Amino acid sequence: SGCSQGNSVERKIYIPLNKTAPCVRLLNATHQIGCQSSISGDTGVIHVVEKEEDLSWVLTDGPHPPYMVLLDGNLFTSRVMQQLKGTSRVSGLAVAAARPNPPQGFSPGLKCPNDGFGVYSKDYGPEFAHCNRTVWNPLGTGLSYEDFDFPIFLLEDANETQVIKQCYQDHNLPRGGSAPQYPLCAMQLFSHMHAVTSTVTCMRRSSLQSTFSINPEVVCDPLLDYNVWSTLQPINSSGKVDPDKEVIMVATRVDSHSFFWNIAPGAEAAVSSFVTHLAAAQALHKASDIQLLPRNVMFTFFQGETFDYIGSSRMVYDMEQEKFPLRLDNIHSFLELNQVALRNGSRLWMHTDPISRMNDSVGPQVRHLLDVLSNSSQGLNVTLEEVGFSQPLPPSSFQRFLRARHIPGVVLTDHRTSFHNRYYQSRFDTPENIHLQYPQGLSPEETLEYVTDTAKALAEVATVVARALYQLAGGANHTSAIQADPKTVTRLLYGFLIKMNNSWFQSIIKADLKSILGDVPQHYVAVSSPVNTTYLVQYVLANLTGTVVNLTKEECLSPEKSPSTDRELFDYSWVQGSLEPNSSSRLPFCVRSTVHLSKALSPAFELRQWGSTEYSTWTESRWKDIRARIFLVASRELEIITLVVGVAILLFSLLATYFINAKAEILFSIPRDPGAVSY
């Protein structure tokens with residue numbers, strides 16, 4: 001009961017803030033980025049900043065520093081953050097969610113994403129290195145890549161934001177120009193990070209702990225996950241593909257990022273492209289003669305690309321080390337889908353590498369690739385245009401393959417030069433950013449099935465890609481029958497952008513994975529793998545490209561026991577199935593597909609080269625406690641008086657105890673019984 005009394009006292013003192021997202025610390029080979037609090041949390045008097053003029057109270061005028069700033073979401077800019085960073089009068093920051101998205105755009109990413117880890121360097125196309133020719137993300141402020149020595153939290157719940165503002169207005173609002181009187185409303189933020197300095201330092205410390213300690217305390221973990229891949233024609237996943245067998249590789253990234261931990265909607269940066277890729281895979285699999293095509297097609301979904309190409313660099317490394325079924329020599333050509341949802345009119349741009357095209361053998365192959373893509377758009381509302389020789393490739397996974405070998409390839413995007421995406425790597429890269437709109441009053445099930453204009457547009461792009469792949473693989477039939485399904489695209493957009501926990505996703509995953517279906521989808525790569533996005537891409541791809549086979553649950557879960565399953569060629573999954581009509585029970589079934597996972601952990605950690613400049617070295621710090629709360633704080637004078645009185649009472653009680661103990665014989669002696677007589 002003492003514990004429950006303590007909790008009830010705490011509840012009377014503190015109001016916890018439950019719907020928050022922290023900024024955490026990430027590290028690479030050379031430095032640390034992100035935010036952290038002191039080990040016991042940081043506390044400050046709350047001041048609401050809704051316009052830039054309000055900052056003067058925090059920075060110079062206010063008499064009660066340090067301050068916890070409740071910042072309007074539209075003021076969360078590089079300029080304001082530099083002012084707050086340069087003062088000791090700020091102990092932390094709570095950022096209110098901005099509604100609607102800032103019209104001027106907002107990108108806390110870098111102007112030149114993944115700079116130094118692509119193909120362009122002082123040795124290869126130096127005129128293109130470091131975005132010398134094209135600044136891809138001109139709105140990038142680099143805010144996500146700065147280091148802050150105070151905690152920063154995003155307030156996701158408008159009701160909690162209102163509670164804080166009400167507390168501020170009741171207690172902290174300066175009235176008539178004079179300072180507010182105690183008690184004041186304060187906030188405490190806990191987000192202490194264990195790792196410091198760089199990946200080299202934190203991995204060395206973790207390694208020493210693991211070597212010499214019985215209970216090692218790891219301080220950071222590499223960002224890692226799994227790439228998802230499948231092939232049009234089955235291949236032996238544990239063997240090696242014949243060196244003469246040519247494969248066309250299609251690729252997209254599946255991860256995104258923002259300033260705040262695990263807030264990564266990535267609508268345009270990632271989802272638009274991998275949804276288009278999934279729809280193209282489904283459309284191509286429906287062609288009747290795919291098993292007869294002279295070339296195979298490999299569908300690849302890379303994880304961790306936001307952080308210096310983790311997934312693609314690992315796949316290239318595995319191919320070079322012969323730890324993957326394919327070798328780099330097997331790749332006939334490469335097609336990558338980048339940001340494709342914000343087309344200007346009907347135009348889609350085909351980017352190529354001007355350096356490798358100068359090669360006599362690569363140049364004509366790239367030309368053929370461009371011609372096939374252009375011809376595949378006939379009769380569709382998609383116009384493919386070439387960017388030309390004067391411009392390098394945009395940031396893309398293809399660059400990691402070019403670093404290893406001259407491969408003919410094209411990157412498809414909706415932008416000719418800089419990104420159309422004004423919210424790249426930010427929390428505002430939401431469904432609204434790609435104009436995903438639904439009519440009012442639809443139920444969740446109706447919304448899932450409603451075909452939006454965005455879905456129709458992306459389905460057309462998927463159709464172009466599927467038709468081009470069919471021709472590149474050597475298909476001789478007419479391609480007009482190959483058509484991506486807008487209904488599939490609309491379901492995918494709903495599931496990956498609005499609500500993961502929907503009836504379709506429920507029906508295509510294993511029963512033991514039900515917990516991955518959270519509410520609002522996020523696509524951060526993280527350190528515990530596989531993340532929800534990876535699992536869902538895996539099972540969606542299996543559903544769209546696989547076949548339902550007549551196996552029992554036992555046969556499906558242990559296919560090696562059945563002689564006819566070709567365990568080396570196929571993957572088998574026992575999935576939940578849809579709900580029976582008017583029932584809570586499901587109709588499970590077995591799906592056979594060519595979908596596989598491969599590790600997306602940077603080779604730098606495999607090689608223990610934590611200071612590598614060749615491979616990604618990003619790690620995420622560990623932490624024990626992340627939470628936020630508000631409470632009323634008394635004046636410093638009252639706190640000191642309370643402390644002094646408390647100490648005085650303690651000293652008095654000690655003295656009283658001492659004297660009572662010293663005179664115990666007198667004070668507590670038992671008086672003699674007067675009636676007792678001794679003889």
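**Figure 1. Enclosed spaces in the predicted model.** The count comes to 6 cavities of 30 Å³ or more in this predicted model. About 160 Å³ of space lies in the largest cavity. That cavity is lined by 20 residues, and those closest to its centre are C112, D115, Y120, C131 and Q399.

**Figure 2. The largest pocket and the elements around it.** Next, a look at an open space. The largest pocket holds about 1,200 Å³ of space. Its lining is made up of 42 residues, with E156, N262, I263, V520 and Q522 lying nearest the centre. Which element supplies the largest share of the lining? Strand 2 does, with 3 residues. Several elements supply at least two lining residues each: strand 2 (20-22), helix 12 (486-498), helix 14 (532-545), strand 23 (619-621) and strand 24 (623-633).

**Figure 3. Strand 16 and its two partners.** Here we zoom in on strand 16, which covers residues 347-351. This strand is mostly covered, as 4 of its 5 residues are buried. Strand 17 (residues 383-386) runs parallel to strand 16, and 4 bridges join the two. To follow this pairing by eye, start at M350, whose bridge partner in strand 17 is E386. Strand 18 (residues 409-413) also pairs with strand 16, in this case antiparallel and through 3 bridges. A handy landmark for this second pairing is W349, which stands opposite T413 in strand 18.

**Figure 4. A right-handed β-α-β unit.** Staying with strand 16, this view brings in helix 8, which spans residues 362-376. Strand 16, helix 8 and strand 17 together make a β-α-β unit, and the unit is right-handed. The two strands of the unit are the parallel pair joined by 4 bridges.

**Figure 5. Helix 17 and the annotated transmembrane region.** Our last stop is helix 17, which has 27 residues (636-662). At 1.5 Å a residue, helix 17 should span 39 Å, and its end C-alpha atoms are 39 Å apart, so the expected and modelled spans agree. Is helix 17 largely in the open or covered? The number of its 27 residues that are buried is 0, so helix 17 lies largely in the open. For residues 640-660, an unreviewed UniProt entry lists "transmembrane region". In the model, residues 640-660 are 100% helix and 0% strand. The end C-alpha atoms of that listed stretch are 30 Å apart. When you look along the helix, keep in mind that an α-helix has 3.6 residues a turn, so residues three or four places apart point the same way.

Key: Residues are numbered from 1 along each chain as its sequence is written. This is a predicted model: local features need pLDDT of at least 70, side-chain atom pairs count only at pLDDT 80 or more; totals for chains, interfaces and linings use all residues. Side-chain values use heavy atoms; hydrogens and water are left out. Buried means under 20% relative accessible area, exposed over 50%, partly exposed in between (1.4 Å probe, protein chains only). Two strands pair if DSSP finds at least two bridges between them. A crossover is right-handed if, with the strands pointing away from the viewer, the path from the first strand over the helix to the second runs clockwise. UniProt positions are given in the numbering used here, feature names are shortened, and annotations may be inferred rather than shown by experiment. The expected span of a helix is 1.5 Å times one less than its number of residues. On a 1 Å grid over the protein atoms alone, a cavity is a set of points where a 1.4 Å probe fits but cannot get out, and a pocket is an open set with protein on both sides within 12 Å along at least five of seven lines; lining residues have an atom within 4 Å of a point. Grid points are joined across faces, edges and corners, and a volume is the space filled by probe spheres set on the points.
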